[in-house]
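I opened my notebook to see what I could look up in this structure. Here are my entries, in the order I made them.

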Amino acid sequence: MIKLNKVTKKFTLGTLGLFDINLTVEKGEFVFLVGPTGSGKTTLFRLLIRDILPSGGTIIVADYDIVKLPQGKISHLRKKVGVVFQSLKLLTDRTIFENVVLPLEFSGFASDEARIRVEEVLSQLGISEHRNKFPVQLSGGELQRVAIARSLVLSPDILLADEPTGNLDQITSREIVKLLLDINSKGTTVIMATHNFDIVNSMKKRIISLEKGRLIRDESHKEKEGDK
Ligand SMILES: Nc1ncnc2c1ncn2[C@@H]1O[C@H](COP(=O)(O)OP(=O)(O)OP(=O)(O)O)[C@@H](O)[C@H]1O
Ligand SMILES: [Mg+2]
């Protein structure tokens, strides 16, 4: 489902974003991506949605060859891969409903169908009551849910969440992770980049660690029966 082979990303001026990354994530997995600031987590996500191209290596995401993907097919890839950006990237002059409906509008959904789908995800994330508010009127945890709702509205196969619990308290952070686990249990592959080791250590999920652009650890924690 996601396969990286010898992937390197050098930025202009020579900064190394990622170096010689080999990684496979199977359909339906839940993976934590950890590593200090500047270790390459966001760079990896940007490569997976073809926001940037690698300097070397091959990347397959949902059957698309990222390096060879023609410009005109990038939108096809982005429908299969939802992203929650570190900076959320919500539009401040639009309501929550308008923010979440946007990907459906871009994809040409009829407005009735789009409305039904938006109401469905807003309800799934527990934020229906905020549909007519603007981002500035919501708390950090609520905004994080809005960003997740927007990334889910096209029912992607893969969800990339970049530090979705940054700046949130422990309780809200756990609620967000629980939402991501629910989404994963319905079949979506989830990769969550995080610095929150309390959560990572309590979850018994696969943990991929980056350091200075290198993949230094890949630990799978098999859940035992009755251990959930
Ligand atoms: N557009 C860019 N141009 C030059 N260097 C960049 C660019 N984007 C990222 N980098 C560098 O690449 C490295 C990896 O950055 P990245 O944003 O992937 O780190 P990160 O693991 O997401 O960090 P954080 O935990 O702070 O979000 C850093 O050294 C960063 O300065
Ligand atoms: Mg980052």
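**Entry 1: salt bridges**

I needed one definition before anything else: a salt bridge is a side-chain nitrogen of Lys or Arg within 4 Å of a carboxyl oxygen of Asp or Glu. With that in hand I noted that Glu29, Arg206 and Asp218 are linked in a network of salt bridges. I also wrote down that the model I'm looking at is predicted.

How many salt bridges does the structure hold? I found nine.

I looked up a few of them. Arg46 pairs with Asp51, and their closest N and O atoms are 2.8 Å apart. Arg46 is partly exposed at 29% relative accessibility, and Asp51 is partly exposed too, at 39%.

Next came Arg131 and Glu119, whose side chains meet in a salt bridge at 2.9 Å, N to O. This pair links distant parts of the chain: Glu119 is in helix H4 (111-124), while Arg131 is in the loop between H4 and H5, 12 residues apart. For accessibility I noted 27% for Arg131 and 22% for Glu119. Glu119 counts as partly exposed because its 22% is not under the 20% cut-off for buried.

My last pair was Glu219 and Arg217, at 3.5 Å, N to O. Glu219 is partly exposed at 31%, and so is Arg217 at 44%.

**Entry 2: the hairpin**

Arg217 turned up again when I checked the strands, as the bridge partner of Ser209. Strand S9 (residues 206-211) and strand S10 (residues 214-219) pair in the antiparallel sense over five bridges. I noted another opposite pair here, Glu211 and Arg214. S9 and S10 form a hairpin with two residues between them. Lys212 sits in the turn and has a positive phi of about 45°.

**Entry 3: the two sheets**

The hairpin strands belong to an open sheet of six strands, in the order S6-S7-S8-S3-S9-S10, with mixed pairing. Which strands are at the edges? They are S6 and S10, and each pairs on one side only. On average, neighbouring strands of this sheet are turned by 15° against each other, direction ignored.

I then found an open sheet of four strands, in the order S2-S1-S4-S5, with antiparallel pairing. Its edge strands are S2 (16-25) and S5 (64-65). Strand S1 (residues 2-10) is joined to strand S4 (residues 56-61) by five bridges. In that pairing I saw Ile2 opposite Val61.

**Entry 4: helices across the sheets**

Which strands does H1 lie across? I noted S1, S2 and S4, with H1 running at about 120° to S1. H1 also lies across S3 (30-34), S7 (158-162), S8 (189-193) and S9, at about 150° to S7. So I've got H1 touching strands from the four-strand sheet and from the six-strand sheet.

Is H1 mostly covered or mostly bare? I wrote "mostly covered", with six of its eight residues buried. Those are Lys41, Thr43, Leu44, Phe45, Leu47 and Leu48.

I checked helix H5 (residues 140-152) as well: H5 lies across S6 and S7, running at about 165° to S6.

**Entry 5: the magnesium ion**

What coordinates the magnesium ion, ligand 2? I found Thr42 through OG1 and Gln86 through OE1, at 2.0 to 2.5 Å. These two come from distant parts of the chain, 44 residues apart: Thr42 is in helix H1 (residues 41-48), and Gln86 is in the loop between strand S6 (81-84) and helix H3 (96-106). Both are partly exposed: Thr42 has a relative accessible area of 30%, and Gln86 has 46%.

**Entry 6: Arg50**

Arg50 follows H1 and has a positive phi, near 60°. I placed Arg50 in the loop between H1 and S4. Buried or exposed? Arg50 is buried, yet has no salt bridge. The nearest side chain of opposite charge is Asp65, 8.0 Å away. That rules out a salt bridge to Asp65, because the cut-off is 4 Å. Leaving out residues up to four places away in sequence, I listed what Arg50 touches: Ile66, Val67, Leu69, Gln71, Ile74, Leu77 and Arg78.

**Entry 7: one loop residue**

I finished with Gly14, in the loop between S1 and S2. Gly14 is partly exposed at 44% relative accessibility. Gly14 and Leu91 are 77 residues apart along the chain, and their C-alpha atoms are separated by 33 Å.

Key:
Residues numbered from 1 in each chain as written. Chains lettered and ligands numbered in written order. Predicted model: local features only at pLDDT ≥ 70, side-chain atom pairs only at ≥ 80, totals over all residues. Heavy atoms only, no water. Donors = N, O, S within 2.8 Å, 3.2 Å for Na, K, Ca; no water. Buried < 20%, exposed > 50% of the residue type's maximum accessible area, 1.4 Å probe, protein only. Pairing = 2+ DSSP bridges. Contact = heavy atoms within 4.5 Å. Axes fitted to C-alpha atoms, helices over the stretch in contact; angles between N-to-C directions. Lys, Arg positive; Asp, Glu negative; His and termini not counted.
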